[in-house]
Amino acid sequence: MNGNKTDSPLVLLFVEGDTDMVFFNALLRYYRSESKSPMNAFQVVNLQSVTRYAGKMINKLQNDIIPTAVTKGRSVKAVCCSYDTDVFDNGIQVVNWKMLEKRVRRLGIADFFRIGVKSMIEDWLLDDIEGLCSYLKLKQIPVSLYGKTGYDKLVSLFARAGYKYSKGFSVSAFIGCLDMSKIREKHKDTLRELELALNATMV
């Protein structure tokens with residue numbers, strides 16, 4: 001087991017890349033500022049690839065996160081895995097989620113759930129196109145954007161303003177311009193288990 005009844009709960013959110021890390025850290029800050037109830041502690045862990053969920057995640061839990069949490073008087077309450085759904089669209093099972101859940105529960109962690117970001121994190125960023133246009137100083141909000149994917153559409157939007165969109169930590173430059181309440185409202189069903197684990201009470 002990883003703690004006792006007096007330990008404070010810790011919620012872990014594993015993400016697959018830098019862009020996702022920036023986004024989810026911003027979302028968690030929004031939860032913390034708006035929740036009507038005290039939230040559980042949380043930590044975002046970037047594995048750099050969804051394919052690393054199978055091996056690297058378990059090793060990191062066993063050898064790093066759980067021992068460190070115990071020294072701080074915390075017990076890992078829940079593990080959440082976020083992933084872009086486009087990776088799974090071709091029918092290939094990139095991750096065996098059932099097996100991964102079993103391995104997580106063997107570590108004494110009670111809750112395991114997933115957040116499928118459809119189709120990629122850029123699609124969620126585009127849910128507040130008004131905020132993006134404000135950051136880019138675009139006076140008119142486009143009715144449509146060129147591109148098949150969320151990434152292509154963001155590239156197209158930034159190009160209109162003479163900027164280049166790049167994935168990764170560079171999104172930190174505009175993440176603060178986005179209305180997280182708008183994005184959360186659109187995806188609240190997908191985010192419900194995370195909010196329950198965090199004890200985030202949103203009005």
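This report describes a predicted model, beginning with its sheet and continuing with the helices and a few single residues.

## The parallel sheet

In this predicted model, 4 strands form an open sheet in the order E2-E1-E3-E4, and their pairing is parallel. The edges of the sheet are taken by E2 and E4, each of which pairs on one side only. Averaged over the sheet and with direction ignored, neighbouring strands are turned by 25° against each other.

Two of the pairings can be followed in detail. Strand E1, made of residues 8-15, runs parallel to strand E2, made of residues 41-46, and the two are joined by 6 bridges; within this pairing, Phe-14 has Val-45 in E2 as its bridge partner. Strand E3 (residues 74-84) and strand E4 (residues 111-117) also run parallel, and here 7 bridges join them. In this second pairing the bridge partner of Val-79 is Phe-112 in E4, while Asp-84 stands opposite Val-117 of E4.

## Crossovers and helices on the sheet

How does the chain pass from E1 to E2? The path leads through helix H1, residues 18-34, and the resulting β-α-β crossover is right-handed. A right-handed β-α-β unit is likewise made by E3, helix H3 (residues 97-106) and E4.

Helix H2, which spans residues 56-71, packs on the sheet and touches E1, E2, E3 and E4, with its direction making about 145° with that of E3. Helix H3 lies across E3 and E4, and runs at about 145° to E4.

## Helices H5 and H6

Two packed helices are described by the angle between their axes and the distance between the axes. For helix H5 (residues 129-136) and helix H6 (residues 150-160), the axes come within 10 Å and cross at roughly 35°, and the crossing in which H5 passes H6 is right-handed. On the H5 side the residues that meet the partner helix are Ile-129, Leu-132, Cys-133, Tyr-135 and Leu-136, and on the H6 side they are Leu-154, Leu-157 and Phe-158. Sorted by character, the residues of this contact comprise 8 nonpolar, no polar and no charged.

Which residues of H5 are buried? They are Ile-129, Gly-131, Leu-132, Cys-133 and Leu-136, and these buried residues pack against helix H4 (121-125), H6 and helix H7 (172-175). Helix H6 also holds Ser-156, which counts as buried because its relative accessibility is 15%, a value that falls under the 20% limit for buried residues. Leaving out residues up to four places away in sequence, Ser-156 touches Leu-145 and Tyr-146.

## A contact between distant parts of the sequence

Asp-18 has its place in helix H1, and with a relative accessible area of 22% this residue is partly exposed. Asp-18 and Gly-168 are 150 residues apart in sequence, yet their C-alpha atoms are 4.6 Å apart in space. When neighbours within four places in sequence are left aside, the residues in contact with Asp-18 are Asn-46, Gln-48, Gly-168 and Phe-169.

## Backbone details outside the helices and strands

Where in the chain does Ser-119 lie? Ser-119 belongs to the loop between E4 and H4, and the peptide bond leading from Lys-118 to Ser-119 is cis, with omega near -10°.

Just after H5 comes Lys-137, which takes a positive phi of about 60°, a positive value in a residue other than glycine. Is Lys-137, which is placed in the loop between H5 and H6, buried or exposed? Lys-137 is exposed, as its relative accessible area is 72%. Asn-199 also has a positive phi, near 65°, and is a residue other than glycine; it is found in the segment after helix H9 (188-198). With a relative accessible area of 36%, Asn-199 is partly exposed.

Terms used:
Residues numbered from 1 in each chain as written. Predicted model: local features only at pLDDT ≥ 70, side-chain atom pairs only at ≥ 80, totals over all residues. Heavy atoms only, no water. Axes fitted to C-alpha atoms, helices over the stretch in contact; angles between N-to-C directions. Left-handed = near helix turned anticlockwise from the far one by under 90°. Contact = heavy atoms within 4.5 Å. Nonpolar A, V, L, I, M, F, W, Y, C, P; charged D, E, K, R; others polar. Pairing = 2+ DSSP bridges. Right-handed = clockwise from strand over helix to strand, strands pointing away. Buried < 20%, exposed > 50% of the residue type's maximum accessible area, 1.4 Å probe, protein only.
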